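Please open the model in your viewer and keep the sequence panel beside it. The tour below proceeds by selection, stating at each stop what is to be found there.

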Amino acid sequence: MFVSPIREPLIEGHKTYAQMTEDIIGPVEAKPTKTWLAAVTFTGILAIVGFIMIGLTITYGIGLWGLNKTIGWAWDITNFVWWIGIGHAGTLISAILLIFRQRWRTGVNRSAEAMTIFAVMCAGLFPLIHMGRIWLAFFIFPYPNTRGPVWPNFNSPLLWDVFAISTYFTVSLLFWYVGLIPDLATVRDRAKTAFRKKMYNIFSFGWTGSAKQWQRFESLSLVLAGLSTPLVLSVHTIVSFDFATSVIPGWHTTIFPPYFVAGAIFSGFAMVLTLMLVVRKIFKLEEYITIAHIESMNKIIILTGSIVGVAYITELFTAWYSQNQYEQYAFINRSMGPYWWSYWGMMTCNVISPQLFWIRKLRRSVVFTFFMSVVINIGMWFERFVIIVTSLHRDFIVSSWSYYTPTLVEIFIYLGTIGFFMTLFLIFAKVAPVIALAEVKSILKIAGDQYTGENATHAHSHEEEKGASGHFETLIKPQ
Amino acid sequence: MSAKKVLFGLFDDEEVLLKAVKGVRAEGMKITDVFTPFPVHGLDEAMGLRMTKLHSAGFVFGATGTLTALAFITWISTVNYPINYGGKPYFSLPAWIPITFELTVLFSAVGMTLTYLYLNRLAPGQEPKVLDERITSHMFAMTFEVDEHTSEEKKEEIRNLLKGQGAVEIHEKDLEE
């Protein structure tokens with residue numbers, strides 16, 4: 001297999017297969033640490049508080065929120081779009097990067113996919129509780145009924161969203177679990193205690209690793225990746241249709257689908273970085289999630305962040321160029337109206353700050369990347385808030401203009417979903433391998449630092465190294 | 001794998017294993033199965049395995065999803081309960097593309113995964129026949145089916161062949177125990 005000599009190694013520390021198993025399965029077998037327990041307790045309490053607030057909302061109705069007749073969508077839909085956006089990185093990493101043969105994906109795909117599933121769970125919660133009468137939520141599905149039968153409106157983007165998000169959740173879950181089965185079998189075969197053996201035996205589905213099983217595994221992974229690639233692009237496109245097909249100035253724009261998809265990937269990668277930088281530190285996985293991985297993700301952040309920035313500016317230009325006074329007012333009001341702070345917060349966090357990653361030193365800095373990943377997620381939350389609330393709060397009749405502030409119930413529901421998300425992620429990180437072990441092993445001979453890069457010791461790739469530094473022909477000669 | 005009793009060699013490197021698979025087959029010996037901790041590229045060709053038809057199943061499931069969505073929405077919107085939405089035609093195909101697409105993906109993914117689990121005999125609680133506990137970690141196994149009629153000479157021949165091809169350990173295991 002030919003590897004360009006400019007590629008950095010993706011697995012450091014001259015690992016053998018046995019060591020890799022030990023490093024990645026070890027944390028699963030170890031006793032939970034005090035830090036982990038403290039973290040789970042904290043996030044768990046946050047989640048419980050959130051669920052209590054959801055309970056109150058269901059009991060007393062959404063009058064407990066700060067919504068009013070003018071502003072009918074606010075934090076709830078902001079949070080929904082924010083979480084769905086975060087959920088886009090996992091499938092992007094595992095599907096699109098698989099098709100593009102990006103090998104660094106193997107180090108981060110497992111936890112990014114888990115993150116996707118948990119984020120979509122948090123996202124799905126918001127439209128459901130926003131319905132007010134959650135016990136009638138099944139009305140959104142087309143089922144034969146005695147009311148006519150009256151079916152849902154198949155021409156409505158809101159119904160498309162139901163299908164898009166439920167499909168996305170299902171397919172992401174399948175993709176994630178299919179990849180997890182061989183690694184759970186590794187935990188099963190190493191298990192020392194009877195209980196652990198039994199549990200992992202159930203969840204590893206009887207995997208043996210025969211050649212035929214792997215052949216089907218690879219075929220399934222490739223086709224699922226092929227299916228998920230348009231799927232991941234379709235989900236946020238359809239979410240953007242919820243806005244773009246309306247006639248509200250500020251929402252009614254054709255730029256929304258690509259702009260939302262880029263924003264989703266932007267925020268998703270930021271969340272992956274936030275979580276992975278913590279995970280690699282706690283589980284000592286620096287040799288598997290290297291600076292090269294972080295740099296690759298930061299490059300995607302530059303790309304998608306710049307697309308988002310261009311989209312913001314295009315919106316402003318279009319508002320001016322359209323000569324439509326409602327459209328123009330929507331944008332003047334966004335940047336200079338009562339919600340100016342959210343607009344400028346969004347602009348600073350999303351347009352200016354990702355450009356700092358053009359500096360190589362910064363995009364290879366762990367501390368700076370962690371800080372930026374949080375900034376980006378704050379900025380992307382502001383973006384959705386700006387789009388939703390500022391477009392609604394001053395509508396066509398001046399007498400109905402209004403201002404929205406969230407209530408404590410809404411704030412704690414939002415914080416509760418963050419707690420819920422973190423709790424699920426912490427539990428996942430404790431019971432399952434956070435790195436796709438089998439996939440990382442399959443790239444060892446290509447991307448391990450004993451085979452490639454400046455510390456290579458393996459004789460075979462030494463020759464390649466020498467040739468590569470001297471003659472260009474050897475660069476393009478397949479091995 | 002249906003073999004009841006197997007003789008198997010363990011290898012510690014996939015490149016050695018790949019060469020061994022080719023070497024053993026060149027000797028005219030039939031390999032029952034090969035077990036690896038991760039997908040080894042080129043192994044299925046080296047073993048002479050047929051390409052899986054799983055992706056064809058995926059296409060059929062996907063096409064079922066497309067047709068289901070289109071037929072169902074068309075029937076509802078034009079026959080069962082037509083409603084005039086903003087003067088649009090009852091049969092408004094462009095507006096149905098998103099749901100049709102999603103159901104295509106859903107049917108294909110779910111159908112293929114279930115087929116995959118069925119073909120690979122994977123289910124919660126399924127008892128695996130583990131030859132060696134290191135196979136899911138860092139060892140590669142090449143197995144040969146043997147039974148009570150297999151002569152000692154034949155077994156010895158397999159053992160020598162495995163040793164010659166670079167196997168680091170050779171064991172015999174009764175999978176019915």
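A residue is called buried if 20 or more other C-beta atoms lie within 10 Å of its own, exposed if 12 or fewer do, and partly exposed in between, with C-beta atoms placed from the backbone. Select Lys281(A) as an example: with 13 C-beta neighbours inside 10 Å, Lys281(A) counts as partly exposed. This residue belongs to helix α9 (residues 256–282) of chain A. Helices (H or I, at least four residues) and strands (E, at least two) are DSSP runs, numbered from the N terminus. Now add Thr417(A) to the selection; it lies 136 residues from Lys281(A) along the chain, and 24 Å separate the two C-alpha atoms.

The model is predicted: local features need pLDDT of at least 70 and side-chain atom pairs count only at pLDDT 80 or more, while totals for chains, interfaces and linings use all residues. Residues are numbered from 1 along each chain as its sequence is written, and chains are lettered from A and ligands numbered from 1 in the order in which they are written.

**Chain A as a whole**

Select chain A next. Its secondary structure comes to 19 helices and 0 strands. Along its principal axes, the C-alpha trace of chain A spans about 80 × 55 × 45 Å. The radius of gyration is taken over C-alpha atoms, and the globule rule is 2.2 Å times the number of residues to the power 0.38. Chain A has a radius of gyration of 24 Å, which agrees with the value near 23 Å for a compact globule of 479 residues. Of the 479 residues of chain A, 50% count as buried. Two residues are in contact if their C-beta atoms, placed from the backbone, lie within 7 Å. Of the contacts in chain A with a separation of 6 or more, 81% are between residues 24 or more positions apart.

**Chain B as a whole**

Switch the selection to chain B. Here there are 5 helices and 4 strands, which follow the pattern β-α-β-α-α-α-β-α-β along the sequence. The C-alpha trace of chain B spans about 85 × 30 × 25 Å along its principal axes. Its radius of gyration is 25 Å, whereas a compact globule of 177 residues would have one near 16 Å. Of the 177 residues of chain B, 38% count as buried.

Colour chain B by domain, using bounds that come from an automatic or database domain assignment. Domain 1 covers 5–47 + 132–174, and domain 2 covers 54–119. How many Å separate the centres of domain 1 of chain B and domain 2 of chain B? Taken over C-alpha atoms, the separation is 46 Å.

**The strands of chain B**

Select strand β1 (residues 5–11) of chain B, where 6 of the 7 residues are buried. Two strands pair if DSSP finds at least two bridges between them. β1(B) runs antiparallel to strand β3 (residues 140–146) of chain B, with 7 bridges joining them. Within this pairing, Leu7(B) has Phe144(B) as its bridge partner, and Leu10(B) has Ala141(B). β1(B) is also joined by 6 bridges to strand β4 (residues 169–174) of chain B, again running antiparallel; there Phe8(B) stands opposite His171(B).

Move to β3(B). Because 6 of its 7 residues are buried, β3(B) is largely enclosed by the rest of the structure. Strand β2 (residues 33–35) of chain B runs antiparallel to β3(B) and is joined to it by 3 bridges, with Val34(B) partnered by Met142(B).

**The nonpolar core**

A nonpolar core is a set of buried Ala, Val, Leu, Ile, Met, Phe, Trp, Tyr and Cys residues joined through C-beta atoms within 7 Å. Select Phe269(A), Val272(A) and Ala141(B), which touch the most other members of the largest such core, a set of 181 residues. Its largest share, 17 residues, comes from α6(A). Each of domain 1 and domain 2 of chain B supplies at least three residues to this core. Centre the view on Phe269(A): leaving aside residues up to four places away in sequence, Phe269(A) touches Ala89(A), Met297(A), Ile300(A) and Ile301(A).

**Where the chains meet**

Finally, display both chains together. Here 52 residues of chain A are in contact with 56 residues of chain B. On the side of chain A that touches chain B, at least two residues each come from α1 (17–29), α6 (157–190), α7 (194–203), α8 (211–244) and α16 (437–442) of chain A. The helix α8(A) gives the most to this side, with 16 residues.
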